[in-house]
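Biologist: I should like to understand the terms used for this structure. Could you set each one against its definition?

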Amino acid sequence: MSNGILNKYGSLLPLTEKTPRLSLCEGDTPLIPLKNISNDLEIKAYAKFDGLNPTGSFKDRGMVMAVSKALEEGAKAVICASTGNTSASAAAYSAHAGIPCFVLLPAGNVALGKLAQALIYGARVIAIKGNFDRVLELARQASGDMGIAIVNSVNPYRLWGQRSASWEICDELGDSPDWLVIPVGNAGNISAYYDGFDQYLGMGKCSSIPRLIGVQAEGAAPMVKGCMISDPETVATAIRIGCPVSHLKASNAVKQTEGRFLSVSDEEILQAQIYLAGRDGIFAEPASCTTIASLVKLKKLHSLPVGIKVVCVLTGNGLKDPDTALLKAPSPIEINAEWESLREVLQQ
Ligand code: AN7
């Protein structure tokens, strides 16, 4: 069983003897071959299913590092702004560490499962009437004025921990893939993957950095449009972000790897969620399904080279947001409790 990323990859991370090795056994998530989608798209596709982390998203990789460092530096509490997953993770690791956690959320735009997580892990949850970008400004102000450790990806330790996913992929494949396709919100994770692959390249553990394909939702696509967006809107609330904190790092990462940013519509995201679940048996949250949607889109545009090895980063678990999944899924068939009725349905 995994002992968490600080124990597994400690020698590659900026830890000291005094850094507590917190662990909820995060990381070591499966790299699942997408057998049927690979056939459909004539590629070798894998899903790095980070929805199987302890709180159901990739955020645990960075949060274990950020909260451990906050403890080392004597923090008495942590704070974050979040579209949902960061708050779930911050709340869980704070509970584990035994320190208070303040969570600031954009009111009305967080998936119910994520809100439930933050509350059940015991965070103080504050819903703010504004979008994520404004909420993050307020979290930064609180951190500056009140000396509470901020654990958003403005905290460099977050991105350090998130590098671990790129190392796991290389360790498992024996090298880096041709492409890495990843959803982009605040643009931290794509930057962390770049740094992680680059670090492994320097150690001779992979032969190149993959082409990085960053995917956004059409209504929240500042990286694609090349300008910040004041009123982002998408069904994929995790990436409903108009001013990505790490936009410069992410632009550089994409440029250096001759990758690209692209966007997909809400309709394409929801269709991809059903396609991924029904075709290869993986239920990922809408933001994560932008990756699958983008591959389908590129295939239609004849821009997906045949035979390449592609890793899609499925950042979060579909169970966090069943309401959205059910928007397009078929409804259950309801019948009377009679054998005749059941037999009729089963014969259809
Ligand atoms: C499932 O939780 O920003 O580009 O506050 O939850 O590194 O921001 C979440 C982001 C992708 C985007 N997929 O990653 C938050 C938050 C899922 C996410 C992203 C998020 P970044």
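Modeller: The largest cavity holds about 340 Å³ of space, a volume being the space filled by probe spheres set on grid points joined across faces, edges and corners. This is a predicted model, in which local features need pLDDT of at least 70, side-chain atom pairs count only at pLDDT 80 or more, and totals for chains, interfaces and linings use all residues. Residues are numbered from 1 along each chain as its sequence is written, and side-chain values use heavy atoms, with hydrogens and water left out.

Biologist: What makes a space a cavity and not a pocket?

Modeller: On a 1 Å grid over the protein atoms alone, a cavity is a set of points where a 1.4 Å probe fits but cannot get out, whereas a pocket is an open set with protein on both sides within 12 Å along at least five of seven lines. The structure has 1 cavity of 30 Å³ or more.

Biologist: Which residues line the largest cavity closest to its centre?

Modeller: Lining residues have an atom within 4 Å of a point. Of the 30 that line the largest cavity, Phe 58, Lys 59, Gly 185, Asn 186 and Ala 238 are closest to its centre.

Biologist: How do you know where the ligand sits?

Modeller: A molecule sits in a cavity if more than half of its atoms lie within 2 Å of its grid points; the ligand therefore counts as sitting in the largest cavity.

Biologist: Which residues come nearest to the ligand?

Modeller: Asn 85, Thr 86, Asn 186, Asn 189 and Thr 315 come nearest, out of 21 residues around the ligand; to be near, a residue needs a heavy atom within 4 Å.

Biologist: Why is the pair formed by Thr 86 and the ligand called a polar contact?

Modeller: A polar contact is a pair of N or O atoms within 3.5 Å. A backbone N or O atom of Thr 86 lies 2.7 Å from an oxygen atom of the ligand, so the pair qualifies. For Thr 83, a backbone N or O atom is 2.8 Å from a ligand oxygen, and a polar backbone atom of Gly 188 is 3.3 Å from one.

Biologist: What is the volume of the largest pocket, and which residues line it?

Modeller: The largest pocket has about 160 Å³ of space. Its lining consists of Glu 268, Gln 271, Ala 272, Tyr 275, Ala 293, Val 296, Lys 297 and Lys 300.

Notes
Polar contact = N/O pair within 3.5 Å; in protein donor to acceptor, adjacent residues only side chain to side chain.
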